Amino acid sequence: MEFFITIKSYRADDALRSFAPHLRNCYFDGEKVLKYFKTYTKALCEFECNSNYTLKECGCVKFSMPREKDTRVCRIDEMKCVYNFSKPDCECLSPCYDLRYTYRYDKAVINRRFIL
């Protein structure tokens, strides 16, 4: 079996800092700070945004969502609220610097007849 990992690096030029994030479609370090996570990624931004929106709409969050220590976790009878509102507009963009990993593996099937 062979396993392949490919890493691609994406970096926006610093000259783009003068443009608003929505025009360049990314955030440079420190432009969008998350409350519950030290590192900014688009996925973590959306996760945090969904948690904040759920708290605002339902008064509670799912157990798996990031939250403050005193934030109430939704009871089973409140889960209908959690799943019944439309997704919020989170304004989460990709970071202006990013590493993306892709992988694949190849597996060869060996026919035992040819080994003997």
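Colleague: In this predicted model, why does Glu 78 count as buried or exposed?
Modeller: Glu 78 has 14% relative accessibility. Buried means under 20%. So Glu 78 counts as buried.

Colleague: What makes Arg 75 and Glu 78 a salt bridge?
Modeller: Their closest N and O atoms are 3.8 Å apart. The cut-off is within 4 Å, so the pair qualifies. Salt bridges that share partners join Arg 72, Arg 75, Asp 77 and Glu 78 into one network.

Colleague: How do you know whether Asp 77 is buried or exposed?
Modeller: Asp 77 has a relative accessible area of 58%. Exposed means over 50%, so Asp 77 is exposed. Asp 77 also meets Arg 75 in a salt bridge, at 3.1 Å from N to O. Arg 75, at 46%, counts as partly exposed.

Colleague: Why does Glu 48 have no salt bridge?
Modeller: The nearest side chain of opposite charge, Lys 35, is 7.5 Å away. A salt bridge needs a nitrogen within 4 Å of a carboxyl oxygen, so this pair does not count. Glu 48 is buried and sits in helix H2. Lys 35 forms a salt bridge with Glu 68, at 3.2 Å.

Colleague: Why is the pair of Tyr 27 and Tyr 40 called edge-to-face?
Modeller: Their planes are 85 degrees apart. Over 60 counts as edge-to-face, so the name fits. The centres lie 5.5 Å apart, and pairing needs them within 6.5 Å.

Colleague: What does that pair tie together?
Modeller: Tyr 27 lies in strand S2 and Tyr 40 in the loop between S2 and H2, so the pair ties together parts 13 residues apart in sequence. Both tyrosines are buried.

Technical notes
Residues are numbered from 1 along each chain as its sequence is written. This is a predicted model: local features need pLDDT of at least 70, side-chain atom pairs count only at pLDDT 80 or more; totals for chains, interfaces and linings use all residues. Side-chain values use heavy atoms; hydrogens and water are left out. Helices (H or I, at least four residues) and strands (E, at least two) are DSSP runs, numbered from the N terminus. Buried means under 20% relative accessible area, exposed over 50%, partly exposed in between (1.4 Å probe, protein chains only). Lys and Arg count as positive and Asp and Glu as negative; His and the chain ends are not counted. Rings of Phe, Tyr and Trp (its six-membered ring) pair if their centres lie within 6.5 Å; planes under 30 degrees apart count as stacked, over 60 as edge-to-face and the rest as tilted.
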